[in-house]
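Please open the model in your viewer and keep the selection panel at hand. The stops below go from one selection to the next.

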Amino acid sequence: YPRLRFLTTTDFPPFNFTDQSGRLAGFHVDLVREICTVLSIEDRCQIQAVPFAELETALAAGQGDAVIAGVAVTASKHERFAFSRPYLALPARFVATRQALKAGQAVPAPGWRVGVVAATAHEAMAKAWFPDMRPQVFETQEALLDALKAGKIDAGFADALRLSFWVSGAASQACCALAPGAYLSERFLGEGLAIMVRRQDKTLSAAFDHALAELATSGRLEEIYLRYFPLG
């Protein structure tokens, strides 16, 4: 490759966004830099932003060589593209009121009123993994979190990344915290986030696998992660 062109977006902070100087920044941008350093191609690496809806079309048309933009690996995407190893898992977690967590019980505690969002992987996962739990179903995550903040439920079960932003932001009004434990399931939650390339570019995805493995082993991947997701 005379140059390696990564495609991302500008509207998915803290993964990728435009900083105050107008430059692309975020977790994905820093990860690209580290990957290119490991592969010794820093002078040939480029990263540019396109709208999220156009990522797949742009990649297929050769407008870029790889997509790194929070793309979750799915069976349908596997039919059309190749992927690196996942660089970020997408666990589910419980978020609970501080009052509920003070009891120090196992999570989820017997008797907890737990909310889930209707027709989501997290609803299906909660019912399969915690059969004794009778979750309360909400139409949206906003409705679930509002009920939690109002004390109408004791906990919610949802995507860990979104919950981490909520509990550390102003919207939660410090009502709640993430309960111990993260729950991973490829069946319900998929393989995680990975770098997407064209199907014929499997040599490139193998190179990314090598770089990601080295970054994981050296601890650099965790350093980048904690820079943007301090809750871990």
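A residue counts as buried under 20% relative accessible area, as exposed over 50%, and as partly exposed in between, with a 1.4 Å probe and protein chains only. The model is predicted, so local features need pLDDT of at least 70 and side-chain atom pairs count only at pLDDT 80 or more, whereas totals for chains, interfaces and linings use all residues. Residues are numbered from 1 along each chain as its sequence is written, and side-chain values use heavy atoms, with hydrogens and water left out.

Select Arg-220 and Glu-223 to begin. Both lie in helix 10 (residues 220–228; helices here are DSSP runs of H or I with at least four residues, strands runs of E with at least two, numbered from the N terminus), three residues apart, or about one turn of the helix. They form a salt bridge (a side-chain nitrogen of Lys or Arg within 4 Å of a carboxyl oxygen of Asp or Glu), with the closest N and O atoms 2.3 Å apart. Arg-220 is partly exposed at 23% relative accessibility, and Glu-223 is likewise partly exposed at 42%.

Next, select Arg-5, Asp-65, Arg-198 and Asp-201, which salt bridges with shared partners join into one network. Within it, the closest N and O atoms of Asp-201 and Arg-198 are 3.2 Å apart, and both of these residues are buried.

Then move to helix 5 and select Glu-123 and Lys-127, which are four residues apart and so separated by about one helical turn. Their salt bridge has its closest N and O atoms 3.0 Å apart; Glu-123 is buried at 12% relative accessible area, while Lys-127 is partly exposed at 46%.
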